[in-house]
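The following exercises concern a single protein chain. Each task is followed by a solution that proceeds step by step.

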Amino acid sequence: MSPAASFGQRWAEDNLTREASEDEVRILDLILKTCHNDEEEAVKRARRYYTTRGPGGLTELWHRRHPDDEDILSSCQDVYIVPLRVRSLNGQRVTIVRLPAPLSDRPLSARALLARWLMIMDLRLREDPTPGDEIVFIDVCDLQPSHLKNHFKGSYWKDFAWCIKSAYPTRFSEVHVINTNRLKTMSLLLLHIGLYPWRRKVLHIHTHAGQIYNVDIGPEGLPYEYGGRAGAMKDLNDEWTKKLLSSAKWLQKEERKFYETELKPKDKSRSRSSLTLRGITSYDILTRTHSCRSLNRHDADEGTPGAYRTLRAMDKSFYV
């Protein structure tokens with residue numbers, strides 16, 4: 001591998017048993033930037049990204065990617081997930097989630113919601129694989145206790161939160177839960193949606209929607225419901241639903257590709273450098289001849305060069 005090769009090319013060479021596509025290399029290079037150019041952390045994050053998408057990973061969220069599945073289609077009507085078309089002036093992506101959608105009265109399916117969210121993130125990453133963290137606004141103005149019953153399992157949200165923090169090529173820099181003035185049990189909501197671990201560092205709670213206007217996005221990028229001119233939340237959500245359906249084959253192809261990908265053992269990626277280091281510094285692989293002071297001496301009592309000198313007793317005195 002050429003010394004001028006990018007991080008993505010070098011990581012793929014050291015860890016994949018197959019040749020990486022150009023899209024994969026771009027994503028791997030993006031992971032390095034997400035880790036602020038810390039290669040050691042990027043190596044770990046890239047490996048988690050592949051293992052999470054493979055067998056035994058987040059199978060409930062990242063597998064069975066069928067946008068026309070009944071649960072997924074129901075989720076499209078129960079929860080609006082709208083990535084905005086424009087970024088903030090700081091280069092951050094912005095996503096608004098309406099949880100639940102207006103007039104929705106069914107218990108929310110966490111698995112379907114989060115699986116669809118990951119599909120949307122993958123599609124947007126394919127369209128724009130450039131650096132930039134993400135700000136998420138979760139509007140809970142219509143949330144009722146009945147929405148949190150049955151299928152709203154916290155374990156799915158915890159898996160999703162871990163994925164975004166530790167494995168996905170981009171990160172959530174801020175998560176704002178807005179319009180919480182009607183909720184009396186905020187801690188219960190956070191526990192249900194698995195955001196409790198983020199509370200101190202990333203998660204912010206707001207009784208109203210005013211925080212959304214502090215992000216540097218012009219009115220042309222915001223939906224009607226938040227004072228913008230980009231369109232209604234329902235229409236923007238329907239656009240992404242259509243995009244998911246039209247990209248069904250690509251999503252399933254990606255699922256199979258990662259599921260069938262085999263990674264080399266971890267130690268193999270470091271074998272060449274570790275062997276070189278041992279060859280230079282390790283005493284264990286140095287011969288006794290190299291370590292003996294008498295390398296160039298040929299005294300009769302010492303035997304062959306490099307041999308340990310014998311201990312002899314003469315007149316009750318010991319000599320070496």
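**Exercise 1.** Which backbone oxygen does the side chain of Arg 45 reach, and at what distance? Establish also the surroundings of Arg 45 in this predicted model.

*Solution.*
1. Locate the residue: Arg 45 belongs to helix H3.
2. Identify the acceptor: the backbone oxygen of Ile 164 is reached by the Arg 45 side chain at 3.0 Å.
3. Examine the charges: Arg 45 is buried and forms no salt bridge. The nearest side chain of opposite charge is that of Glu 41, at 5.2 Å, whereas a salt bridge requires a separation within 4 Å.
4. List the contacts, setting aside neighbours within four places in sequence: Arg 45 touches Ile 31, Thr 34 and Cys 35, and also Ile 164, Lys 165, Ser 166, Ala 167, Tyr 168, Thr 170 and Arg 171.

**Exercise 2.** Determine whether Asn 37 is buried or exposed, and do likewise for Asn 179.

*Solution.*
1. Recall the background: most residues other than glycine have a negative phi.
2. Consider the backbone: phi of Asn 37 is near 65 degrees, and Asn 179 has a positive phi of about 60 degrees.
3. Place each residue: Asn 37 occurs in the loop between helix H2 (22–34) and helix H3 (39–53), while Asn 179 occurs in the loop between strand S4 (172–178) and helix H8 (186–192).
4. Apply the accessibility criterion: Asn 37 counts as exposed because its relative accessibility is 57%. Asn 179, at 14%, counts as buried.

**Exercise 3.** Find which residues a cis peptide bond joins.

*Solution.*
1. Recall the background: most peptide bonds are trans.
2. Inspect omega: a value of about 0 degrees marks the cis bond that joins Leu 99 and Pro 100.
3. Locate the site: Pro 100 is in the loop between strand S2 (93–98) and helix H6 (110–127).

**Exercise 4.** Which residues are buried in helix H1, and what arc do they cover around the axis?

*Solution.*
1. Select the buried residues of H1 (residues 7–15): Phe 7, Gly 8, Trp 11, Ala 12 and Asn 15.
2. Evaluate their directions: they cover an arc of only 125 degrees around the axis, so they lie on the same side of H1.
3. Relate this to helix geometry: an α-helix has 3.6 residues a turn, so residues three or four places apart point the same way.

**Exercise 5.** State the mean pLDDT of the protein chain and the stretch where pLDDT is below 50.

*Solution.*
1. Take the whole chain: the mean pLDDT is 79, and 73% of the residues reach 70 or more.
2. Find the stretch: pLDDT is below 50 over residues 268–311.
3. Count its contacts: beyond near neighbours in sequence, residues 268–311 have 29 contacts in the model.

Conventions. Residues numbered from 1 in each chain as written. Predicted model: local features only at pLDDT ≥ 70, side-chain atom pairs only at ≥ 80, totals over all residues. Heavy atoms only, no water. Helix = DSSP H or I, 4+ residues; strand = E, 2+ residues; numbered from the N terminus. Buried < 20%, exposed > 50% of the residue type's maximum accessible area, 1.4 Å probe, protein only. Arc of directions from axis to C-beta. pLDDT = per-residue confidence, 0-100. Contact = heavy atoms within 4.5 Å. Lys, Arg positive; Asp, Glu negative; His and termini not counted.
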